[in-house]
Amino acid sequence: MLNQHVPAIMLFFVPQKLTSNSIVSAVIAPKFEWQFLKPRFWLTWLGIGVLYLLSWLPLFALNILAKGIAFLLKKLVKKRVNIARRNLQLTWPNMPNAELERLLDKHLHRAGMAIFETAIGWWAPAWRIKAMGEIEGFEHVEKILAQGKGVFGLALHNMNLEVACRILGYTYPSIAFYRKHNNPLIDYMQYHGRNRSNKYMIHKRNAKALIAALDQGELCLYLPDQDYGRMQSLFVPFGGVAKTATTSATLMFARRANCVPLIVTSQYSRKGYKVKFYPPIENFADKQDEQALTELNADIEAIVLEQAESYLWMHKRFKTRPKEDDPSLYD
């Protein structure tokens, strides 16, 4: 696959107009290298070419192809499928098994579709993105910006995030962290694909740059729902797991920057795709750590339920345990 998981969507965007501060903070755009024409990249080029051509098919046709990919995933990528199944069991332990398996099948279909959505997000022209996308709840963003504050958008890690980010950029260009791809040719494609409609990207470890962008009244996106390890987490409930590693950095950003947090997610709609902003999270930074993150996880779980099949279930969301010798939840 083109990405590092299915799909690799650890955001985002490149410079259009940069301030003096953001010039230092922005990730430097990778340049085309002649080594990309060497034989070791030929298979990558072939995959890019095929995916590019397929991405021009209408969405209904891509959905049919995605069902075929879902079938292959279930047969050939059993480890990831079992991780997704286990995540669903842990999150909703009371869900009947038949219902859980139906949800898993829908998720695999969305995972297959995410491959095409990544291509659409990177390469589709503006007119096509605008035709298939819509924004809901943007009035919450406008209200925060009118107060002279940054918008701390807590983005859920949904499968269709790449195309949703392009959609958002045509309404209001955004800023977020960027993780370099291991394959330099894919990194070149990924970076410049995400260059199409948004503002600029920040290295994933550059917390000061994200705080500075929020202080400058920018719309910034951050993924609060991933497992970043024991040292960077508090252990609070998520679904049926009473002690889930939940990044404490979300609170750090909310407290240190002049910003207002809210949740934003990417969903499917009749038109194609929808970027949905939820109301601001009241007094988030003022609450005790465990209370704030417990309530945030509860909000995330409720929003995930709106289109549960779209969430990125094929990574080990509950990998890190409170103690090193605690048994794995995936054995």
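At what angle do the axes of helix α4 and helix α5 cross, and within what distance do they come? Before I answer, please keep in mind that what we have on the screen is a predicted model.

Helix α4 covers residues 78-91 and helix α5 covers residues 97-123, and their axes come within 10 Å and cross at roughly 130°. The two helices, α4 and α5, are therefore oblique to each other, and the crossing in which α4 passes α5 is right-handed. If you would like to find this contact in the structure, look on the α4 side for V81, A84, R85, L88 and Q89, and on the α5 side for L100, E101, L103, L104, H107 and L108. Sorted by character, the residues of this contact of α4 with α5 comprise 7 nonpolar, 2 polar and 2 charged.

Let me stay with α5, and turn to its packing with another helix. Helix α9, which runs over residues 184-193, packs with α5 at an angle of about 65°, and the axes of these two helices are 7 Å apart. Here α5 passes α9 in a left-handed crossing, whereas the crossing of α4 with α5 was right-handed. On the α5 side the residues are G121, W122 and W123, and these meet I186, M189, Q190 and G193 in α9. The contact of α5 with α9 divides into 4 nonpolar and 3 polar residues, with no charged ones.

The third helix pair is α10, residues 207-215, with α11, residues 249-256, and these pack at an angle of about 40° with their axes 9 Å apart. That angle makes α10 oblique to α11, and α10 passes α11 in a right-handed crossing. A207, L210, I211 and D215 make the contact from α10, while M252, F253 and R256 make it from α11. In this contact of α10 with α11 we count 5 nonpolar residues, no polar ones and 2 charged ones.

Now I would like to move from the helix pairs to the empty space. Rolling a probe the size of a water molecule over the atoms shows where empty space is left. How many cavities of 30 Å³ or more are there? The count comes to 5 cavities of that volume or more, and the largest cavity has a volume of about 60 Å³.

Lining that largest cavity are A155, L161, A164, C165, L168, L221, V264, T265, S266 and V275. The elements that give two or more residues to this lining are α8, residues 161-169, and β8, residues 259-268, and the largest share, 4 residues, comes from α8. By character, the lining of the largest cavity divides into 8 nonpolar and 2 polar residues, with no charged ones.

Lastly, let us look at a pocket. The second largest pocket holds about 280 Å³ of space, and of the 16 residues that line this pocket, those closest to its centre are K149, C259, V260, P261 and I281. Two or more residues of its lining come from each of α7, residues 138-146, and β8. Which element gives the most to the lining of this second largest pocket? It is β8, with 3 residues, and β8 is also one of the elements that give two or more residues to the lining of the largest cavity. The residues that line the second largest pocket divide into 9 nonpolar, 3 polar and 4 charged, whereas the lining of the largest cavity has no charged residues.

Note on methods:
Residues are numbered from 1 along each chain as its sequence is written. This is a predicted model: local features need pLDDT of at least 70, side-chain atom pairs count only at pLDDT 80 or more; totals for chains, interfaces and linings use all residues. Side-chain values use heavy atoms; hydrogens and water are left out. Axes are lines fitted to C-alpha atoms, for helices over the stretch in contact, and angles run from 0 to 180 degrees between N-to-C directions. Angles under 35 degrees count as roughly parallel, over 145 as roughly antiparallel, 65 to 115 as roughly perpendicular and the rest as oblique. A crossing is left-handed if the near helix is turned anticlockwise from the far one by less than a right angle, and right-handed if clockwise. Contact means heavy atoms within 4.5 Å. Ala, Val, Leu, Ile, Met, Phe, Trp, Tyr, Cys and Pro count as nonpolar, Asp, Glu, Lys and Arg as charged, and the others, Gly among them, as polar. On a 1 Å grid over the protein atoms alone, a cavity is a set of points where a 1.4 Å probe fits but cannot get out, and a pocket is an open set with protein on both sides within 12 Å along at least five of seven lines; lining residues have an atom within 4 Å of a point. Grid points are joined across faces, edges and corners, and a volume is the space filled by probe spheres set on the points.
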